[in-house]
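User: I am new to this protein and would like a friendly tour. Could you show it to me, so that I can ask about it piece by piece?

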Amino acid sequence: MPSSTPDLPSPASPPARLRGLLAGDAFLTMPCCFDALSARLIEQAGFPLTFMSGFAVSAARLGLPDTGLITVTEMLDQGRAICQAVALPVIGDGDTGHGNPANVRRTLEQFGLAGFAGVMIEDQLAPKRCGHTGVKEVVGRPAALARIRAAVDARDAGAGCLILARTDARSALGLDEAIWRMQAFADLGADILFLEAPRDIAEMARFCREVPGIKMANMLEGGITPILPPTRLADLGYRIAAYPLTLLAAAVAAMRDALGDLAAGRTPPRLTDFATLRAMLGFDDYDRLLAAYADPDGAV
């Protein structure tokens with residue numbers, strides 16, 4: 001007997017949606033999120049993708065610095081909530097892969113199961129730290145290459161998540177070594193290349209000129225790398241601009257202002273109204289869903 005359930009088109013997987021974005025020609029502006037609410041705001045603002053910033057998650061979830069103190073379990077828990085809250089592709093911060101190549105592969109598998117479209121893997125020595133706060137050590141070339149090879153193997157074996165390969169060698173060993181590693185990561189099959197903390201436009205241009213593939217710029221306000229507009233980044237050869245702390249910094253500033261007003265006995269003047277909050281979080285959709293199941297006769 002044929003099933004009465006209609007065949008519904010399955011939505012593209014998160015990695016497939018990210019691949020679709022990367023296959024186009026558009027420059028991708030990527031605000032970074034730290035929880036489900038910030039991810040939903042990014043989506044509602046019309047941005048095509050987001051990145052779950054380890055710095056921002058460590059700050060928002062634990063109130064601790066990005067120095068390797070947050071665990072992979074905590075990151076995955078935060079990531080599941082983020083990925084379930086939005087339809088846009090989310091790239092996750094996989095740090096160093098959390099161990100040897102076997103750990104890297106399992107990290108990719110777990111991030112894929114959580115709903116991520118991609119995972120960033122970097123070459124810092126664990127415990128890692130924010131790349132703009134004085135990185136001194138990265139692992140040697142064999143270990144760095146093994147991490148990316150393991151990540152690519154996990155992707156191709158079914159984990160699915162695209163690989164954002166990052167090097168912090170610019171701060172630890174100099175630009176020549178960073179360029180070498182980026183070229184090697186591209187050769188291994190990484191999907192996106194990220195050279196952290198170039199010092200000036202000349203270094204940014206050299207990275208884009210000498211390394212093949214899709215490059216990402218990290219636009220950290222107050223950091224080491226110059227902040228450039230998207231058009232200038234595109235001219236240099238970048239395809240993605242990440243803004244890792246913009247939303248976190250804006251939220252902290254707004255909350256401090258509001259707390260100052262409350263301490264002075266004033267209602268903060270710049271607040272999102274209650275009706276907008278209700279709609280944004282889906283209260284009206286929730287009520288409509290319940291109404292659809294209401295029994296008009298009052299039967300239980």
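User: How many bridges join strand β5 to strand β6?

Analyst: Before counting, please note that this is a predicted model, in which local features need pLDDT of at least 70, side-chain atom pairs count only at pLDDT 80 or more, and totals for chains, interfaces and linings use all residues. Residues are numbered from 1 along each chain as its sequence is written, and side-chain values use heavy atoms, with hydrogens and water left out. Two strands pair if DSSP finds at least two bridges between them; strand β5 covers residues 162-167, strand β6 covers residues 192-195, and the two run parallel. The number of bridges joining them is four.

User: Which residue in β6 stands opposite arginine 166?

Analyst: Strands of a sheet pair through backbone hydrogen bonds, either parallel or antiparallel. In β6, the residue standing opposite arginine 166 is phenylalanine 194.

User: What do the eight strands form, and in which order do they run?

Analyst: The protein has 13 helices and eight strands, where helices (H or I, at least four residues) and strands (E, at least two) are DSSP runs numbered from the N terminus. From one strand of the barrel to the next, the twist averages 25 degrees, with axes being lines fitted to C-alpha atoms (for helices over the stretch in contact) and angles running from 0 to 180 degrees between N-to-C directions. With parallel pairing, the strands form a closed barrel that runs β1-β2-β3-β4-β5-β6-β7-β8.

User: What is the radius of gyration of the protein, and what does the globule rule give for 300 residues?

Analyst: The radius of gyration is taken over C-alpha atoms, and the globule rule is 2.2 Å times the number of residues to the power 0.38. The protein is as compact as a globular protein of that length, because the two values are close. They are 21 Å for the protein and 19 Å from the rule for 300 residues.

User: What share of the 300 residues is buried?

Analyst: Buried means under 20% relative accessible area, exposed over 50%, and partly exposed in between, using a 1.4 Å probe and protein chains only. By that yardstick, the buried share of the 300 residues is 44%.

User: Which residues have the most contacts inside the largest nonpolar core?

Analyst: In soluble globular proteins, nonpolar side chains tend to be buried together. A nonpolar core here is a set of buried Ala, Val, Leu, Ile, Met, Phe, Trp, Tyr and Cys residues joined through side-chain atoms within 4.5 Å. The largest one has 62 residues, and those with the most contacts inside it are Leu108, Phe185, Leu193 and Phe207.

User: Which helix gives this core its largest share?

Analyst: The largest share of this core is eight residues. They come from α6.

User: Is arginine 155 buried or exposed, and where is its place?

Analyst: Contact means heavy atoms within 4.5 Å; leaving aside neighbours within four places in sequence, arginine 155 is in contact with Arg19, Gly160, Cys161, Leu162, Ile163, Gly189 and Asp191. Arginine 155 lies in helix α6, residues 141-159. Because its relative accessibility is 11%, arginine 155 counts as buried.

User: What is the relative accessible area of methionine 120?

Analyst: Methionine 120 sits in strand β4, residues 118-122. Beyond its neighbours within four places in sequence, its contacts include Phe51, Ile91, Leu164, Arg166 and Phe194. Methionine 120 is buried, with a relative accessible area of 2%.

User: How far apart are the end C-alpha atoms of helix α4?

Analyst: The expected span of a helix is 1.5 Å times one less than its number of residues. Helix α4 has 14 residues, 72-85, and therefore should span 20 Å. Its buried residues are Met75, Leu76, Gln78, Gly79, Ile82, Cys83 and Ala85, and what covers them includes β1, α2 and β2. In agreement with the expected span, the end C-alpha atoms are apart by 20 Å.

User: What is phi of histidine 98, and what is phi of alanine 197?

Analyst: Most residues other than glycine have a negative phi, and most peptide bonds are trans. Histidine 98, in the loop between β3 and α5, is partly exposed at 29%, whereas alanine 197, in the loop between β6 and α9, is buried at 1%. Phi is positive in each: near 65 degrees for histidine 98 and near 60 degrees for alanine 197.
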